[in-house]
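Subject: Structure handover and findings

Hello,

Here is the structure we talked about. Please open it first, then read the notes below.

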Amino acid sequence: MSAVSETPVPAALATALDQLPMSNSFAALPDAFYTRLNPQGLNAPRLVHANEDAAALIGLAPEALRTQAFLDVFSGRVPLPGGDSLAAVYSGHQFGVWAGQLGDGRAHLLGEVDGPNGSWELQLKGAGMTPYSRMGDGRAVLRSSVREYLASEAMHGLGIPTTRALALVASDDPVYRETVETAAIVTRMAPSFVRFGSFEHWAARRQPDMLQTLADYIIDRFYPECRRPVAGASPAANAPLVRLLDAVMVRTAKLMAQWQCVGFSHGVMNTDNMSILGLTLDYGPYGFMDAFRLDHVCNHSDTEGRYAWNRQPSVGLWNLYRLAGSFNSVGQDADALKAVLDRYEAVFSRAFHDGMAAKLGLGVWRPEDEALLDDLLRLMHEQRADFTLAFRRLSNAVRGDAQPFVDLFIDRDAARAWLERLLRRQEGAPGAAEDRADAMDRVNPLYVLRNHLAELAIRAAAQGDASVIDALLRALRDPYTERPEFAQYAGLPPDWAGDLEVSCSS
């Protein structure tokens with residue numbers, strides 16, 4: 001479920017950027033929170049793709065996306081009309097180690113649009129150096145920009161809270177990574193880009209007044225309920241910052257469960273990449289699993305496996321402890337903060353079990369279902385069964401055809417034996433088998449952004465062909481409904497997909 005309610009947009013959409021209502025609330029914070037500066041535009045930019053769905057969220061008509069003015073703004077060459085361009089400062093823990101001051105090293109917040117569906121900040125990623133670039137060049141390459149553009153929209157299609165993507169612009173400007181690549185800018189949208197590390201920054205600097213200013217801003221805009229006392233709670237538990245931690249904890253725990261349920265690994269779950277709104281933020285090295293492994297690591301740079309698939313829930317809690325530590329540094333009661341974090345496991349488990357009960361067609365989760373799920377995951381792990389297709393094909397078995405599911409396993413007898421256990425368990429679930437199968441298809445996606453699909457889009461975009469991006473977006477916007485025209489996105493990955501690697505340079 002999106003963090004922002006997406007009600008139908010009005011019929012009258014703006015046909016030009018200068019018609020959009022702007023507010024720039026983050027820019028109204030004290031100057032210490034950011035540095036005002038303009039992006040460094042791309043040379044000879046070309047629009048690779050623009051997202052009409054995201055544009056509608058800010059009240060922008062499709063025809064506006066095809067104008068020179070749109071390209072000029074989102075290639076970083078011209079300011080956003082009514083905007084206030086800046087780069088934000090924050091700090092954070094990276095791979096479990098305090099990294100000190102970080103910040104928007106290659107991102108520029110252009111401004112904030114008061115759209116028909118709430119306020120949305122527009123941010124360019126890859127628009128040049130900022131005071132927070134730390135030896136970086138401030139650029140993004142086409143490869144990583146295509147991956148982020150597609151991933152955020154894929155996650156939205158899955159119903160998982162995420163930033164959105166408005167535009168993808170490319171240039172022949174050279175960017176030096178492991179090899180020489182070409183530059184690109186992706187325009188990201190979110191109600192806010194504030195992170196856990198935004199609070200850690202002021203705690204580390206021992207500036208409680210600034211941390212409180214940031215907290216007041218976030219609470220007033222996004223969590224006003226945190227100022228309303230809960231009947232029967234102690235004064236310490238009712239403190240707005242403790243209530244804020246509780247709200248962020250719930251969103252984070254549920255987000256971790258949603259990631260687990262679709263086989264998604266983030267890759268860089270550093271505290272500076274954790275959204276205070278519980279959004280999936282900063283798509284660098286990420287991956288939707290093909291062959292399942294409990295300890296799957298999607299980031300080639302994560303040599304210790306800190307952010308493996310099965311460790312993500314515990315890392316989410318570890319990161320919340322860092323956020324709680326920041327709140328404790330400004331006088332919040334330690335016991336009240338810890339009481340919030342002690343609830344994390346229960347919130348995560350409930351969300352994860354509810355998600356898995358739906359995926360398995362079980363109705364209500366029962367304690368004895370833990371063994372059924374564990375045995376399935378163990379079997380998938382040992383047999384390297386495809387994560388997405390294993391869950392999707394369960395509905396075939398419920399309809400009477402077990403073979404598509406069984407064919408994913410080397411030990412087919414073991415797969416059949418487990419499947420018989422599932423079908424016996426489903427006998428106690430409400431509804432007819434066909435209805436259960438239909439419900440399972442509504443929560444088990446057929447189309448996910450596998451690495452090889454993103455790679456095909458990258459290769460085509462490098463040749464000036466955006467058709468693969470466009471087709472993938474159409475498939476991923478509704479990943480649960482099978483459509484014949486997207487059959488090429490619904491199968492097992494090709495052999496060459498196993499050679500693909502993503503790293504922090506992605």
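Helices here are DSSP runs of H or I with at least four residues, numbered from the N terminus. One caution before the findings: this is a predicted model.

**Salt bridges**

A search of the whole structure gives 32 salt bridges. Three of them are described here, starting with a pair in helix 17.

Arg-474 and Asp-470 form a salt bridge, with the closest N and O atoms 3.4 Å apart. Both residues sit in helix 17 (residues 467-476). They are 4 residues apart, so about one helical turn separates them. The general rule fits here: an α-helix has 3.6 residues a turn, so residues three or four places apart point the same way. Arg-474 is partly exposed, at 40% relative accessibility. Asp-470 is partly exposed too, with a relative accessible area of 31%.

There is also a network. Lys-125, Glu-148, Arg-188, Arg-195 and Asp-282 are joined into one by salt bridges that share partners.

Helix 16 (residues 451-462) holds a pair with the same spacing of 4 residues, about one turn of the helix: Arg-459 and Glu-455. Their side chains meet in a salt bridge at 3.0 Å, N to O. Is each partner buried or partly exposed? Arg-459 is partly exposed, with a relative accessible area of 44%. Glu-455 has 18%. The cut-off for buried is under 20%, so Glu-455 counts as buried.

The third pair links two elements. Arg-164 and Glu-153 meet in a salt bridge at 2.8 Å, N to O. Arg-164 is in strand 9 (residues 164-176), and Glu-153 is in helix 3 (residues 142-157). The pair therefore ties together parts that are 11 residues apart in sequence. Both Arg-164 and Glu-153 are buried.

**Cysteines**

How many disulfides does the structure hold? The count is 0. Cys-261 shows why a bond is missing there: the closest cysteine sulfur, in Cys-298, is 17 Å from its own sulfur, too far for a bond. A disulfide would need the two sulfur atoms within 2.5 Å. Cys-261 is buried, at 9% relative accessibility. Cys-226 is buried as well, at 2%.

**Helix 4**

Helix 4 (residues 196-204) has 9 residues, and 7 of them are buried, so the helix is largely enclosed by the rest of the structure. The buried ones are Phe-196, Gly-197, Ser-198, Phe-199, Glu-200, His-201 and Trp-202. What covers them? The cover includes strand 4 (91-94) and strand 5 (97-101). It also includes helix 5 (208-222), helix 6 (240-261) and helix 7 (312-328). Just after helix 4, Arg-206 takes a positive phi of about 55°.

**Other positive phi values**

Ala-44 is not a glycine, yet its phi is positive, near 45°. Ala-44 is in the loop between strand 1 (34-36) and strand 2 (46-50). With a relative accessible area of 64%, Ala-44 is exposed.

Asp-282 also has a positive phi, about 65°, although it is not a glycine. Its loop runs between strand 11 (264-265) and strand 12 (287-288). Is Asp-282 buried or exposed? Asp-282 counts as buried, at 10% relative accessibility. Asp-282 is also one of the residues in the salt-bridge network above.

**Cavities**

A search of the whole structure finds 6 cavities of 30 Å³ or more. The largest has a volume of about 140 Å³. Its lining has 16 residues, and the closest to its centre are Phe-26, Ala-88, Asp-104, Phe-193 and Val-194. Which elements give two or more residues to that lining? They are strand 3 (86-88), strand 7 (118-125) and helix 4. The lining divides into 11 nonpolar, 2 polar and 3 charged residues. Helix 4 thus comes up twice, as a largely enclosed helix and as a contributor to the lining of the largest cavity.

Best wishes

Methods. Residues numbered from 1 in each chain as written. Predicted model: local features only at pLDDT ≥ 70, side-chain atom pairs only at ≥ 80, totals over all residues. Heavy atoms only, no water. Buried < 20%, exposed > 50% of the residue type's maximum accessible area, 1.4 Å probe, protein only. Salt bridge = Lys/Arg side-chain N within 4 Å of Asp/Glu carboxyl O. Contact = heavy atoms within 4.5 Å. 1 Å grid on protein atoms, 1.4 Å probe; cavity = no way out; pocket = protein on both sides within 12 Å on 5 of 7 lines; lining within 4 Å. Points joined across faces, edges and corners; volume = space filled by probe spheres on them. Nonpolar A, V, L, I, M, F, W, Y, C, P; charged D, E, K, R; others polar.
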